[in-house]
Each structure stands twice: as structure tokens, then as C-alpha cells.
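Colleague: I have a model open on my screen and would like to learn how to read it. Could you walk me through some features, one at a time?

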Amino acid sequence: MRRLALVVVVVLTVFQTTASLQRGTAVPPASQPAPIAIDATEDQIRQGVSAIRAGRKLTPQAWPNGTRVAVALSFDIDNELLSRTTPLPVPLSQGEYGALAGLPRILAMLDRHQIPATFYIPAGSAILHPDMIPAIKKSNRHEIGVHGWMHENLPSIGDAAREAKLLAQSIDYLTKASGKRPAGYRAPSWAFSNNTLGQVLQAGFLYDSSMMAMDEPYELVANGKPTGLIELPIEWILDDFPYYSGNASGSLPAPESVYQIYKDEFDGAYEERTMMVLTTHPHVSGHRSRVAQLEKLIVYMKSKPGVWFATLEQIAGFVKSANKMP
């Protein structure tokens, strides 16, 4: 990703935005959400956070074939795009590592264990390295999801029509490059603008994976109304970027320590019979010492009975069916 951008909640005109975009008209950006005052009334408190909320839990009573936990390994392939605003040679080379060394190493590891994963790809990353998508597709196990056009920060765009155009371009490019329309969306930097939810709904995605309200699948609610969109939540704790910061000077650079955090999170999900979504980056966790710990985690998870390794699309599809969602 990334990132260090705060997730901005979507406010007010989700359905108006969608209707206007369907008519092909430009929609002015919605105003930024007003701060919730310290003397806010009960109604003002509720209204201040109502744009997007967690709805009903969607964890099924049982996962496929009697398994007790769903595990999704996801990889955000941001690569050079994290340095696009100041494209200097050395930072660009650091991102390029993800395509040239990190991704092949990760794909080889997944092949060794015969498990699927989901890869969220900004179109710009695929444009720079057109061999990545064929390499991911080769095993016929993995999913490709939308992750922006240029890993753009959506809250900073301030133009609904421009944001909609970037989303449409991203979907079209990845559809043509992969041969399949992506079913899942993950916002760049995990940041929604005021317009994002309406556009994700309009695009017809099966699920989103950008929010953090639970540790299990749930339905997104917009202004008090269920949207029908499945949320497969992520969490900074289960992301490699905060620990490694993309380089050797991360806040917790020891791969063994990161492994222990991931393991403890998995153990909790296993005990609760819910779900674990892990997010890493090929240019970060694709380094030798780090991918070794990632493989160690996979070996540990495989040693436990009843673990379902799946793409996020597979999990969302099962959740939709189990909850009889239209």
C-alpha cells in the first residue's frame, strides 16, 4: 500500500452519488465530515458516525467440509507506485524488488504448499510489470482483486467523477489482463472517500476488504440501511507494513517477532471459529528472512486440523450462500 493515510469514513450522499453517476453527471465532492462536538446530543453522536457502519455478522455456523476457521492470505502489489509522487531511482528500485524478486519467491512458496491467495493489484503496477498477472494466474488457484489505478489516495481526489473514472479504468484493465472481472475491492491505503462506497456498490463487487470493524465477515450498512455488500475486514495488526515500514528500519524489524503476532492472531481466530485475513506486500515480505517466517506461519497453520485456506472471493461466495444473501 502505502500508506500511513487514515481511513476516512464515507458520509451523507452514497445513494445520490450512485444515481448521479448512473446518469453520467459529475457529482461535486461531498463535504468533509464535521467533527463530533464534545457536547453533541445523542442524535448528533449517532449521525456523526452513520455513513458506514458494521451491520450483521455473517460468519457461517460452519465453514466448508466441517473446517473451523477460514484463512485468506492476501498480497497488495504496490511496488513502485508508493514512490510515484517523488520518483527517485533508489526508492523506485526498492519497489521494483516486489515484482522482480518478492513476487516470484512468494508464488514459489504458495506452490510448495498448494494453497491459494488473493493479489490486489493497482493497474499501474501491472502496467509496469505485465508478466506479473500471467505468473499469478499460472497455478489457477489465486484471485486478482482491484486496488486502484495508481494506488491513488481516494480522500484527496475530491472529485466523484474522476474517482469513478479511475475505478472503471482499474476494473477494465484488470479484466482484460486477467481474463476475469475482479470480484473483490480493496481501497488503496485502505482509505475511502465520501464517494467510494456508492461507486463500489454501483460496480457490483461481491465484497470489499478495506474496513476494520470486526474480526469476521459482516455486512456494510450505509446511513442505517443494509447495503448487501460483504465486508471481509483487514487490520493493521495483520499487515506487514507497520512492522517493517517497507525497509530495514521498521518499528519491529525482527521477522520472528512478526511471526509471533501473526501466529497469535491465527490462534485466536481458530479458537473463535471465524476468519483471519493476512495482508503482506511482495516488496516488503518478499525478502528472504521475511518470507521464511511467512512460510513458517503457513506450516504452523497447516498443522492444525480444520483450516480452510481460501481466496477472499471464495470466502465471500460461501458467506453469501450461507446467509442466503441476494
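Modeller: Happily. Let's begin with contacts, and keep in mind that this is a predicted model. Setting aside neighbours within four places in sequence, Ser-125 is in contact with Ile-77, Asp-78, Asn-79, Leu-81 and Met-132. Ser-125 itself belongs to helix α4, residues 123–128.

Colleague: Is Ser-125 buried or exposed, and why?

Modeller: The general idea is a cut-off: buried means under 20% relative accessible area. Ser-125 counts as buried because its relative accessibility is 1%. You can read Ser-189 in the same way: at 5% relative accessibility, Ser-189 is buried too. Ser-189 sits in a loop, between β5 (184–185) and α7 (196–203).

Colleague: Which residues form the nonpolar surface patch?

Modeller: Ile-36, Ile-45 and Val-49 make that patch, which covers about 220 Å². Take Ile-45, a residue of helix α2 (residues 42–48). Partly exposed is the class between 20% and 50%, so Ile-45, with 44% relative accessibility, counts as partly exposed.

Colleague: Now a helix, please. How many residues does α3 have, and what span does it reach?

Modeller: Helix α3 runs over residues 89–113, which is 25 residues. From first C-alpha to last it reaches 36 Å, close to the 36 Å expected at 1.5 Å a residue.

Colleague: Where in α3 does the kink lie?

Modeller: Look at Gly-102, where there is a kink of about 45°, shortly before the proline Pro-104. Gly-102 is also one of the buried residues of α3, which include Gly-95, Gly-98, Ala-99 and Leu-103.

Colleague: What do the buried residues of α3 pack against?

Modeller: They pack against the strands β2 (69–76) and β3 (118–121), and against the helices α5 (132–137), α10 (282–285) and α11 (288–302). After α3 comes Gln-114, with a positive phi near 55°.

Colleague: What about residues that are far apart along the chain: which C-alpha atom is separated by 5.5 Å from that of Tyr-270?

Modeller: That is the C-alpha of Val-69, although the two residues are 201 residues apart along the chain. Tyr-270 lies in helix α9 (residues 255–272) and is buried, because its relative accessible area is 10%. Beyond neighbours within four places in sequence, the contacts of Tyr-270 are Arg-68, Val-69, Lys-304, Pro-305 and Val-307.

Colleague: Is there another such pair to practise on?

Modeller: Try Ser-189 and Leu-154: they are 35 residues apart along the chain, and their C-alpha atoms are separated by 8.6 Å.

Notes. Residues numbered from 1 in each chain as written. Predicted model: local features only at pLDDT ≥ 70, side-chain atom pairs only at ≥ 80, totals over all residues. Heavy atoms only, no water. Patch = residues over 30% accessible without salt bridge, like charges linked within 9 Å, V, L, I, M, F, W, Y side chains within 5 Å. Areas by Shrake-Rupley, 256 points an atom, 1.4 Å probe, with all protein chains shown as cover. Salt bridge = Lys/Arg side-chain N within 4 Å of Asp/Glu carboxyl O. Helix = DSSP H or I, 4+ residues; strand = E, 2+ residues; numbered from the N terminus. Buried < 20%, exposed > 50% of the residue type's maximum accessible area, 1.4 Å probe, protein only. Expected span 1.5 Å × (residues − 1). Bend = angle between axes of the 7 residues up to and from the residue. Contact = heavy atoms within 4.5 Å.
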